Amino acid sequence: MIYQFNCYRLDTEMFELSLNGKLVALEPQVFSLLQVLIENRHKVLSKDQLIDLIWQGKPMSDTVVSSRIKSTRKAIGDDGTAQKLIKTIHGRGFRFVGEVTVSNGHSESTLTPDKPHQQEIDKAATLDRKPAIIVLPFTCVQSSNELAILPEGFVIDIILGLSRLGWLKVISRASSFQFDADAQNETIVSQTGAKYCLCGAIERFNNRLVLTIELSNMVSNDVIWVEQLEGKLDDIHQLRTDIVNKAVATLEVQISTNEAQIAQLSAVENLDAWASYHLAIAHLYRFTETDNANAHRLFSQAIAMEPLFARAYAGLSCCQYQNVFNRYSGCDLVLETTAAKKSAERAVELDPLDAFVNFAMGRSFWLMGSPEDSLPWLERSLSVNPNFAQAYYAHGLASVMSNNANDAKNDAAQAIELSPLDPFLYGFYGVRAFSYIAAGDFENASVWADHAARQPGALFMMDIMASIANALAGKDQEAVYWATRARRRKPDLTPDYFFRALPFNNGITRERISQALKKYNL
């Protein structure tokens, strides 16, 4: 695409800026900044948005952005005083205000900043498809000195928590606090580019604090999720932490699910990389052979469109992991195990600070019979995102397989608390059951194992685990029931299946499980 303004010509294909036919020397970031400003001239871009578009969200100081703005203005004969082409909108960001002529080599059209052509808007919108969310200042129903700091504190903590999610763009506090609860959706969308909005209200009832939060899609004006979270005011700091952690964990599931639902309305060939990714995640968590194949295809499609898409490689690793774990038809266990590790390694190479990437890398070690080697990766995942419920589950399971039952029980409890509607909830319950088996508390193990096996979407492995737990608890009738159901769901079940899928280290827990498996020929 070629953009002409004043006597300048910006050629995005040749990566050249010229003035009256003579090339102007530009640093790559300055060229990218000028291109982004011109292509998004229909709206104001904040510093955070510029960082997302040019530096892919990497931490960047305001000084660096300001320096690049200054260099860009200088390259096109503008400056911070005149602002004839690049205007600073105080408290908002920057906007290109010059008149632009656009040429694609076949036809030309003159576009003004106030009346942009729809095709140019659509093109600008494709620059970064990651969903964006803005967290508006919460309201406080009662005016109280004790509660005065909480609304801002909750927002800051939630923004910090959400910013740990690599797939979600989070509007900065500086921008979000420019709006109040009465701001119109259209205004927020046009000025920030955010699709999702989180708002809330804080209210005190005697010694209890109640936070009502609402997640909405500002483009479709749909309310996606509303919930009340509450607790005692005796320890307000711990209450604040607990509420924020649960809110962030729930938002991750809700937004990803909504993105998948939107993607389902489009033809597969029309999906971009991020839409393909979210739809793939939805298929992945249905835990069927057909859905796993669909997820594999969609993750591969996302990688074909964006070869540096770390999360898509992590998702692909999870598909390959499920192929081995469930021994789906046509699966070469050795090749798929190698592929799962290789995909996870590629994801880590591309983005070592993504929680989901480290989660996938950790689980790949289970396929090689090394649960203890997965622990550092899962701990790294939790250090990146302390609200990642599935990482707590995986860490707990790896811990109990490595003969560390105390960590397993605590991790399972944390996962359940953070994400009570998680697609892996059956696994969360299962880890709790295994922790009780390790502790010799077989009665509680049978209760949690039954809960796990009865969860929607639970794999047949949960039936095996329920049979084990009930056998150890002396509940033979229940153990027979679950063993029979496991064999019915997996007719080709072999005696070595359990420990190939879950490589428990030698020790008392493995011995107990092994005895129960032999008793019911599992």
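## Exercises on a predicted model

In this predicted model, the hairpin of strand 5 and strand 6 has 3 residues between the strands, and Gly91 there takes a positive phi near 80 degrees.

### Exercise 1: the hairpin

Task: Work out in which sense strand 5 and strand 6 pair, and over how many bridges.

Solution.
- Step 1. Locate the strands. Strand 6 covers residues 93-96. Strand 5 covers residues 86-89.
- Step 2. Read the pairing. The two strands run in the antiparallel sense, with 4 bridges.
- Step 3. Pick one bridge. Ile89 has Gly93 of strand 6 as its partner.

### Exercise 2: the faces of strand 5

Task: Sort the side chains of strand 5 by face, and state which are buried.

Solution.
- Step 1. Recall the rule. Side chains in a regular strand alternate between the two faces of the sheet.
- Step 2. Apply the rule to strand 5. Ile86 and Thr88 point to one face. Lys87 and Ile89 point to the other.
- Step 3. Add burial, with the cut-off at under 20% relative accessible area. Ile86 and Thr88 are buried, but Lys87 and Ile89 are not.

### Exercise 3: the cysteines

Task: Find how many disulfides the whole structure has, and explain why Cys318 forms no bond with Cys319.

Solution.
- Step 1. Search the whole structure. The count of disulfides is 0.
- Step 2. Check Cys318. Its closest cysteine sulfur belongs to Cys319, at 7.2 Å. No bond forms because that is too far; the cut-off is 2.5 Å.
- Step 3. Check Cys331. Cys331 is in no disulfide either, as the nearest cysteine sulfur, again in Cys319, is 12 Å away.
- Step 4. Check the burial of Cys318. Its relative accessibility is 3%, so Cys318 counts as buried.

### Exercise 4: the cavities

Task: Count the cavities of 30 Å³ or more, then describe the lining of the largest and of the second largest.

Solution.
- Step 1. Count. There are 2 such cavities.
- Step 2. Take the largest, with a volume of about 190 Å³. Its lining has 20 residues; nearest the centre lie Phe325, Tyr393, Tyr426, Leu459 and Met462.
- Step 3. Assign elements. Helix 11 (310-326), helix 15 (389-401), helix 17 (425-439) and helix 19 (460-472) each give two or more residues. Helix 17 gives the most, 5 residues.
- Step 4. Class this lining: 15 nonpolar, 4 polar and 1 charged.
- Step 5. Take the second largest, about 40 Å³ in volume. Ser46, Gly91, Arg92, Ser175, Phe179, Gln191 and Thr192 line this cavity.
- Step 6. Class the second lining: 1 nonpolar, 5 polar and 1 charged.
- Step 7. Link back to Exercise 1. Gly91, in the lining of the second largest cavity, is the hairpin residue with positive phi.

Notes
Residues are numbered from 1 along each chain as its sequence is written. This is a predicted model: local features need pLDDT of at least 70, side-chain atom pairs count only at pLDDT 80 or more; totals for chains, interfaces and linings use all residues. Side-chain values use heavy atoms; hydrogens and water are left out. Buried means under 20% relative accessible area, exposed over 50%, partly exposed in between (1.4 Å probe, protein chains only). Two strands pair if DSSP finds at least two bridges between them. On a 1 Å grid over the protein atoms alone, a cavity is a set of points where a 1.4 Å probe fits but cannot get out, and a pocket is an open set with protein on both sides within 12 Å along at least five of seven lines; lining residues have an atom within 4 Å of a point. Grid points are joined across faces, edges and corners, and a volume is the space filled by probe spheres set on the points. Ala, Val, Leu, Ile, Met, Phe, Trp, Tyr, Cys and Pro count as nonpolar, Asp, Glu, Lys and Arg as charged, and the others, Gly among them, as polar.
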